[in-house]
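Visitor: I am new to this structure and would like a close look at one part, chosen by you, with the topic being cavities and what lines them. Please take your time and explain each term as you go.

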Amino acid sequence: MAKPKGIRHLILVLGDQLNADSSAFDGFDVSQDAIWMAEVVDESTYVWSAKQRIVIFLAAMRHFRDERLAEGKTVYYTRLTKNSKPTSLAEQLAKDLQKLKLTKVILVQPGEYRLQDGLSQTIERLGVGLEIRPDRHFMCSLDDFSAHAEGRKQLRMEFFYREMRKRHDVLMDQDKPEGGEWNFDASNRKSFGSNGPELNAEPLTFSPDDTTSQVIDLVKERFRDHPGSVETFRWAVSRKQALQVLDDFIQRRLPNFGDYQDAMWTKEPFLFHSLVSSCLNLKLLDPREVIQKAEDAYQSQQAPLAAVEGFIRQILGWREYVRGVYWRFMPDYLERNGMEAEESLPDFYWTGETDMQCLKNAINQTLEHGYAHHIQRLMVTGLYSLLLGVRPQEVHAWYLAVYVDAVEWVELPNTLGMSQYGDGGVMASKPYVASGSYIDRMSNYCRNCRFNPKKATGDDACPFTTLYWDYLARHRDSLKSNRRMSLQLRNLDRKPEDELDAIQSRAASIKKDPAMTGCSNQKELSL
Ligand code: FAD
Ligand code: SF4
C-alpha cells in the first residue's frame, strides 16, 4: 500500500458493489477521499469457489479499479498473488486501517450478512468512524419490504410483485396491468419440439483482455484444485460489456424468452436466457435500466407482452423479493432445515460423473461455464438433492460455489428456501417436487439416458421417479396439511403397498450410490 497523504473518507468497495454511481460516491472529493478494495483468499475459499466464479469477481474488480484510477481517483487496492496467504476481508481491512489516517469509512450496505457483521465490527473495534449507506441498486428498500411483510401470515412473491409494478409504474395501463393480466405464465413454458430449439442467436461473449487473462493465470495457479475450468471464460467484466450483454439479449433473445423459459436441451446451456444475472449482482447493471429496455421492446413491438412480463417478473419480482426474504430472516435462516434432511451432497456434484443425463448435462455445463438456467438449478440439481434429502446447508455451499452469479443474498433463499423447502414454506408454498416425467416433458435429456422416466422400480427406473414417490411417502405426515400437496398425496395413496415397498427399497439403494454409476454395487460384489 502506498504511503497515505491523510484521507477524509475511505470508500470501501466490495467485489459485488462495482457501481460508480452508488451512494458510497455521493459527495466524493478527489482531493480528500480515496477508495479501498481488496482481493483476499478467504472470499474464494469460505465455500470451495469454482474457478470461473473467482475469475469473474477479480477481473471485474480490477476493471472497476482501472476505470476509477482513470478518473483521477485514489484507489488503495490489494491484489492477490500466487503466494497470497489465507486472509479475510476484515483482517485485511484492519491491517490497512492501522496504516491510514482517516476520519471516516463509508460503505454501502453489504449484500451479505457475514460481511456486514465482520466489517462493521472490525471498523468499530479500531475506533474509526463508520457510515453505512443504503444500497440504491435495489428497487425495494429493506424498510419497504418490512412494511410489505408486516402483519402478513404468509409472504408470497406474486402480491409483492404487483405492489412493485404499481409503485414503479412498470407495465401498467393506468392502475391496471398492461394486457389485463399480472402474469402471463399460462402462455409461457413451452418445451421444444423433437428437433430441438431453433437458436438464431448465440449470446454475445468476450475474449479475455490482458487484465482478465492475468486473473485467469493467477486463478489457475493459486486455486488450481478448485472446481471447474477457466478455458471457456467469456463473461462480461466491465460496465461497458454488461450494457452490450443487455442489448444483445433484448434485441435477439427476449422475444422467445417467455415461451422457452423452462425448456432444457442437451449441450445448449444458454438457450433464450438473458445471462444478465452476474452483471446485475456485481452491480455493473442497474435493474431499472434492464426493466426499462425490456418494457421499451414491448412498446416498440419488438417483443411480445408474455415474454417481456415474464422477464420483468424475474427481476422486479423474484430478485427483489429474495433479497427482502434474506434480510428479514437472517442470520438464523442460514441454519434452517425444515424437512430435517441429513444426507450428504453426493460427490458427483463436483465432477458431473453420473449416468443420469439430466444431471450430467446440468453439472457439466455448470463446471464449464459457471452457468445453468433457473429450471436446471431448480428442477434438476436442486430437485435431486431435495428428493435425496441432502442437508440444505451443503446444497447451499455448492450453489454458492459454482455459479458466476452466486452471492449469498440471492443464492440462499433460492436454494435453501425455494429449492430445498428448508425454510418451512417462506419462499415456496409447497416443495417443488416432481418425477422424471417433468424433466422428460421439458427436455430431451431422457432420450439419451439409460433410465426410464416413467418407471419407479426395476433396474432401469429413473432415480428421480423412484425418489419422488419415496419423498412423498417419507414426508406424508408433514405435507398432508398443505392443500397444494393433496393431489400428489392422493396419487401416492393409490399405490399398492407392495409397489411402495419396492419403491422404498430401490430408493434405499439409490442413496447408497446416488451417482447411479453402479460403483457401490461393484464394491458390494467385491466384498
Ligand atoms: P434469466 O432466466 O434470463 O432471468 C433474468 C434475471 O432475472 C436473472 O438474471 C436474475 O437476475 C433474475 N432472476 C430470475 N430468477 C430469479 C430468482 N429465482 N431469484 C432472483 N433473481 C432471479 N440467481 C442469482 O442471481 N444468483 C444465484 O446465486 C442464484 N442461485 C440460485 C440457486 C437456485 C437453487 C435456484 C433455483 C435459482 C438461483 N438463482 C440465482 C436464480 C436464477 O436461477 C438465476 O438468476 C438465473 O438462472 C440467471 O440466469 P439469467 O441471467 O440467464 O436469467
Ligand atoms: Fe434424468 Fe431420469 Fe430423464 Fe435420466 S430418465 S435424464 S435420470 S429424468
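Guide: Helix H2 gives the most to the lining of the largest cavity, with five residues, and that cavity is the part I would look at closely before turning to the next in size. Helix H2 spans 51–70, and alongside it strand S2 (34–38), helix H1 (42–45) and helix H4 (113–125) each supply at least two residues of the lining; helices (H or I, at least four residues) and strands (E, at least two) are DSSP runs, numbered from the N terminus.

This is a predicted model, in which local features need pLDDT of at least 70 and side-chain atom pairs count only at pLDDT 80 or more, while totals for chains, interfaces and linings use all residues. Residues are numbered from 1 along each chain as its sequence is written, chains are lettered from A and ligands numbered from 1 in the order in which they are written, and side-chain values use heavy atoms, with hydrogens and water left out.

In the whole structure, six cavities of 30 Å³ or more are found, a cavity being a set of points, on a 1 Å grid over the protein atoms alone, where a 1.4 Å probe fits but cannot get out. The largest has a volume (the space filled by probe spheres set on the points, which are joined across faces, edges and corners) of about 340 Å³. It is lined by 23 residues, and Gly15, Asp16, Glu43, Phe57 and Met61 are the closest to its centre; a lining residue has an atom within 4 Å of a point. Sorted by class, the lining holds 14 nonpolar, three polar and six charged residues, where Asp, Glu, Lys and Arg count as charged, Ala, Val, Leu, Ile, Met, Phe, Trp, Tyr, Cys and Pro as nonpolar, and the others, Gly among them, as polar.

The second largest cavity encloses about 120 Å³. Its lining has 14 residues, with Cys358, Cys446, Cys449, Cys462 and Phe464 nearest its centre, and helix H13 (357–369), helix H17 (436–442) and helix H18 (463–474) each give two or more residues to it. This lining divides into 11 nonpolar, three polar and no charged residues.

The second largest cavity is the space taken by ligand 2, since a molecule sits in a cavity if more than half of its atoms lie within 2 Å of its grid points. Around ligand 2, with a heavy atom within 4 Å of it, are residues including Met356, Cys358, Ile439, Cys446, Cys449, Cys462 and Phe464, and the shell has 10 nonpolar, one polar and no charged residues.

Definitions and conventions
1 Å grid on protein atoms, 1.4 Å probe; cavity = no way out; pocket = protein on both sides within 12 Å on 5 of 7 lines; lining within 4 Å.
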